[in-house]
There are 2 protein chains.
Amino acid sequence: MNISAASKAAGLPVKTVRYYADIGLVQAPSRSNAGYRTYDDASVRKLVFIRRSREFGFTIEECRELLGLYQDQDRTSAEVKRIATKRLEEIEEKQRELQSLHDELAHLVTSCRGDHRPDCPIIDYLG
Amino acid sequence: MNISAASKAAGLPVKTVRYYADIGLVQAPSRSNAGYRTYDDASVRKLVFIRRSREFGFTIEECRELLGLYQDQDRTSAEVKRIATKRLEEIEEKQRELQSLHDELAHLVTSCRGDHRPDCPIIDYLG
DNA sequence: TCTTGACCTTCCAGTTACTGGAGAGATTAG
DNA sequence: CTAATCTCTCCAGTAACTGGAAGGTCAAGA
């Protein structure tokens, strides 16, 4: 499988697949005579694993860690749960921040008449 | 006022204040004989304006736009409201994404026993 | 007066996770 | 055979800073 087939199968851009190989996340198993990267199903599975983990907001380094656990037959589910729980807490923290941001900004937006006059409570508040 | 006094007054790191000058967001009004940047109260007010806008998640370019409106006596509150409303919609979109992410991950975390055995629904789901 | 330490300068590099493009070689279809 | 498509490597850029090196400046104390 050449890189574009692998990238389609994994749902990732070709550039990204190459990038993941560069940073040592998922190497192409081998090269063709012409030097083309050749992928097999196992690599594609790893790429899919990474794509999904990234969609969950795990950083590349967390993906590296998860991938290590994914490939490790002896890992305990406790280790995986620890990482996922940490990530969940980060999401919850982000949600709280976003909520207070939202409320404050929504208040400003509703209190601004939004007409052609120059007085604006948003600017007054920011300045 | 030297840069460190201005940075304290504005609540921003010195590096960031210098950076904002480099990208033409807030120039230091003048330099001392020794070449030190000298800030006045007006610059500090602009820095505070930017810090608060950044805390609201406006990008640097949006800050530039808002700063233009802030300094423009002829701007209408409608222009400001337009930018703030756009930002509010982005926040709401982000909240929805984060919520579905949260629910999915929370489901996985609760379904994982988190013991010393290797079977783990989180890994099963991601892989 | 000298020195010490805090403060200031510029410039370069690194961060995160890619993305775009140039220039060149390989492969495939018609 | 040629044109289109694919692939390669390498370089540079994104956003918004942050860290550090090397060196100039300033104020206070011995």
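Let us start with Thr16(A) and DNA strand C: a phosphate oxygen of the strand is 2.8 Å from an N or O atom in the side chain of Thr16(A). Such a pair is a polar contact, meaning a pair of N or O atoms within 3.5 Å; within protein, one must also be able to donate a hydrogen and the other to accept it, and residues adjacent in sequence count only if both atoms are side-chain atoms. Tyr20(A) places a polar side-chain atom 2.7 Å from a phosphate oxygen of DNA strand C. From the other chain, Arg31(B) has a polar side-chain atom 3.2 Å from a phosphate oxygen of DNA strand C.

Before going further, I should say that this is a predicted model, in which local features need pLDDT of at least 70, side-chain atom pairs count only at pLDDT 80 or more, and totals for chains, interfaces and linings use all residues. Residues are numbered from 1 along each chain as its sequence is written, chains are lettered from A and ligands numbered from 1 in the order in which they are written, and side-chain values use heavy atoms, with hydrogens and water left out.

Which residues are closest to DNA strand C? They are Lys15(A), Thr16(A), Tyr20(A), Arg54(A) and Arg37(B), out of 19 residues that surround the strand. A residue is near a strand or molecule if one of its heavy atoms lies within 4 Å of it. Of the atoms of DNA strand C that come within 4 Å of the protein, 70% belong to sugar and phosphate.

The surface near DNA strand C divides into eight nonpolar, five polar and six charged residues. Here Ala, Val, Leu, Ile, Met, Phe, Trp, Tyr, Cys and Pro count as nonpolar, Asp, Glu, Lys and Arg as charged, and the others, Gly among them, as polar. The largest share of this surface, four residues, comes from H2(A). A word on these labels: helices (H or I, at least four residues) and strands (E, at least two) are DSSP runs, numbered from the N terminus.

We now turn to DNA strand D. It is surrounded by 19 residues, and the closest are Ser4(A), Arg18(A), Arg37(A), Lys15(B) and Tyr20(B). Sugar and phosphate make up 71% of the atoms of DNA strand D that come within 4 Å of the protein.

Three residues of chain A may be taken in turn. Ser4(A) has a polar side-chain atom 3.0 Å from a phosphate oxygen of DNA strand D. For Arg18(A), the distance from a polar side-chain atom to a phosphate oxygen of the strand is 2.8 Å. For Arg37(A), an N or O atom of the side chain is 2.6 Å from a phosphate oxygen of DNA strand D. The elements giving two or more residues to the surface near this strand are helix H1 (3-10) and helix H2 (14-22) of chain A, together with helix H2 (14-22) of chain B. The largest share, four residues, comes from H2(B).

Let us look at H2(B) itself. Val17(B), Tyr20(B) and Ala21(B) are buried in this helix; buried means under 20% relative accessible area, exposed over 50%, and partly exposed in between (1.4 Å probe, protein chains only). Seen down the axis of H2(B), its buried residues fall within an arc of 100°, so they line one face of the helix. The arc is that of the directions from the helix axis to the C-beta atoms. On the other side of H2(B), Lys15(B) and Asp22(B) are exposed. The buried residues pack against H1, helix H3 (41-55) and helix H4 (60-71) of chain B. Just after H2(B), Gly24(B) takes a positive phi of about 75°.

In chain A, the buried residues of H1(A) are Ile3(A), Ala6(A), Ser7(A) and Ala10(A). They pack against H2, strand S2 (37-38) and helix H3 (41-55) of chain A.

How are the two chains related? A turn of 180° and a shift of 0.0 Å along the axis lay chain A on chain B with an RMSD of 0.1 Å, the superposition being by least squares on the C-alpha atoms of residues with pLDDT of at least 70 in both. The two copies are thus related as by a two-fold rotation axis. In chain A, the C-alpha nearest the axis is that of Gln95(A), 3.4 Å from it.

Finally, Leu98(A) is found in helix H5 (residues 77-111) of chain A. Leu98(A) counts as buried because its relative accessibility is 8%. Not counting residues up to four places away in sequence, Leu98(A) touches Ile91(B), Lys94(B), Gln95(B) and Leu98(B), where contact means heavy atoms within 4.5 Å.
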